[in-house]
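Reader: I should like a close look at one part of this model, namely its aromatic side chains, with enough of the surroundings to place them. Please proceed in one connected account.

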Amino acid sequence: MASLTTQFFGIELKSPVVAASCSLTGNIEQIENLAKAGAGAIVLKSLFEEEIDAQLQEELSERKALEPDPEYMDYFDYIIKDENLKNYTNLIKQAKQAVDVPVIASVSCISASDWVVFSRKLEEAGADALELNLFLLPADISRDSAANEQFYFNAITKVLENVGIPVTIKISHYFSNLGQMIQKLSKTGIAGITLFNRFYAPDIDILNEQVVTADVLSQVSDYQMPLRWIGLMADQVDCPLAATTGVHTAETAIKMLLAGAGVVQVASVLYQEGPDYIAKMNEQIKSWMDKKGYDRINDFKGKLANKKKDVVIYERAQFMKYFGGKSYS
Ligand SMILES: Cc1cc2nc3c(=O)[nH]c(=O)nc-3n(C[C@H](O)[C@H](O)[C@H](O)COP(=O)(O)O)c2cc1C
C-alpha cells in the first residue's frame, strides 16, 4: 500500500493534505475532527496583530474620555495584547494535547516588534512550527517595490533570529517580479513557502450599486494559478513549496504534487464537505498511487516541474487562435 508520508514545515507529515489556517482550525473540536480524518498537519487560525490593534483602538476610544493618562493607555495596550496571546497560546496547548499530528501556529503581524514577541510565545506554548501569514497589498503608490519587498525580509529575519522551531511563510502573488521574489525568499533559511494565500476580495452588487465582499470560499478552478507557479518554481527554490487555493479534490492535490508541491493546504472544501473529506482525499491519492505503482510521494513529486520536463505550458500565457490542437475561432 502506498505511503503518503511527505515533508513540509521542516517536519515529516503522514499525509500531504494539510488543514489550512481558517476559523475551523481555531476550534478545538474541529481540530480533533481534522486530525482524526487524517490531516497531515493542522495550521491554526492566524493570530492577527491587526485584529488586536483594532480591538485596542476601540477600547482606547471608549476609555479616553474617562482616563487620559498615557501610562494607563500603555497598560491597556499590554493587557489587550496579553489577553489575545494567552487565548492563542491556550489553543496551541489544547491542540497539542488533543491531537498527534503537528500543530502549526500562524501569525499575521504588521509591525516588526510584535512579530518577535508573538512568535516566541507561540514557540514556548509548544507549536511544532510557525507559519507567517505575510501580506502587504502593493497599492500605496508612494512606496516602491523594493520597500514593499523589504517588509517580507525584515519580518523573516527577525522571527528566524528569535525562534528555534521551523518557520514557513504563506504569501500572495502580488509581487512585481514574482519568480525572483519566491527564489530570494526561499534562500532566507525558512522551511517552506505556501503559494498563494487567498484574501477577502471586492465585488460589486449591481442592483444596489455597492462594493461588497466577494465569495469567501474558493472555486474549483482557482487552483490553476498556484499550479502554474508551483510548476515554474519547484526546481528553482531552496525550500519546499506548499500549494493552497482551489484544492478541492484529490485529483487537484495530485496535480500540485506532480508540479512539485510537498503538501497542499485546504480550507474552502472543508467548509463545504466537512473535515472527514480529508480521509476521502487521502484514500483517493493512495488509490491513484497504487494504480500508478508509486510507493511514496517522492516517487512522483515534481515529476512535472518545469525544469525537469521543460514544460513550456507553464510559461505560455497568451491565448492563440489555435491552442493545444483545439480551435476556438
Ligand atoms: C473562512 C476562511 C478563513 C481563513 N482564515 C485564515 C487565517 O486566519 N490565516 C491564514 O493564513 N489564512 C486564512 N485563510 C486562507 C486559507 O488558509 C487558505 O490558504 C485559502 O482559503 C486557500 O485555500 P482554499 O482554496 O482551500 O480555501 C482563510 C480562509 C477562509 C476560507
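Author: C22 is buried, at a relative accessible area of 9%. C239 is likewise classed as buried, its relative accessibility being 8%. The model, which is a predicted one, contains 0 disulfides, so no pair of cysteine sulfur atoms lies within 2.5 Å.

The wider setting may be given before the aromatic residues. The protein chain has 329 residues, of which 47% are buried. Its secondary structure consists of 11 helices and 15 strands. Among contacts in the chain with a separation of 6 or more, 69% join residues that are 24 or more positions apart. The chain exposes about 17000 Å², and 49% of this area is supplied by carbon and sulfur atoms.

The aromatic side chains come next. The count of aromatic pairs in the structure is 8. One of them is formed by F135 and F199, with 4.0 Å from centre to centre and 20° between the planes. The pair is classed as stacked because planes under 30 degrees apart count as such. In sequence, the two partners belong to distant parts of the chain, 64 residues apart. F135 lies in the loop between β7 (129-133) and α5 (145-162), whereas F199 lies in the loop between β9 (192-195) and β10 (202-205). The pair thus links one loop to another.

How exposed are these two partners? F135 has a relative accessibility of 29% and counts as partly exposed. F199, with a relative accessible area of 26%, is also partly exposed. Neither residue is classed as buried, because that class requires a value under 20%. The stacked pair is also part of a wider group: F135 and F199 form one aromatic cluster together with Y174.

The strand β10, which bounds the loop of F199, leads on to a further feature. I206 lies in the loop between β10 and β11 (210-213). With a relative accessible area of 74%, I206 is exposed, since the threshold for that class is over 50%. I206 belongs to a nonpolar patch on the surface, whose other members are I204 and V211. Together the three residues of the patch have about 360 Å² of accessible area.

In summary, the stacked pair of F135 and F199 joins two loops, and both of its residues are partly exposed. The loop between β10 and β11 holds I206, a member of the nonpolar surface patch.

Note on methods. Residues numbered from 1 in each chain as written. Predicted model: local features only at pLDDT ≥ 70, side-chain atom pairs only at ≥ 80, totals over all residues. Heavy atoms only, no water. Helix = DSSP H or I, 4+ residues; strand = E, 2+ residues; numbered from the N terminus. Buried < 20%, exposed > 50% of the residue type's maximum accessible area, 1.4 Å probe, protein only. Contact = heavy atoms within 4.5 Å. Areas by Shrake-Rupley, 256 points an atom, 1.4 Å probe, with all protein chains shown as cover. Phe/Tyr/Trp six-rings, centres within 6.5 Å; stacked < 30°, edge-to-face > 60°. Patch = residues over 30% accessible without salt bridge, like charges linked within 9 Å, V, L, I, M, F, W, Y side chains within 5 Å. Salt bridge = Lys/Arg side-chain N within 4 Å of Asp/Glu carboxyl O.
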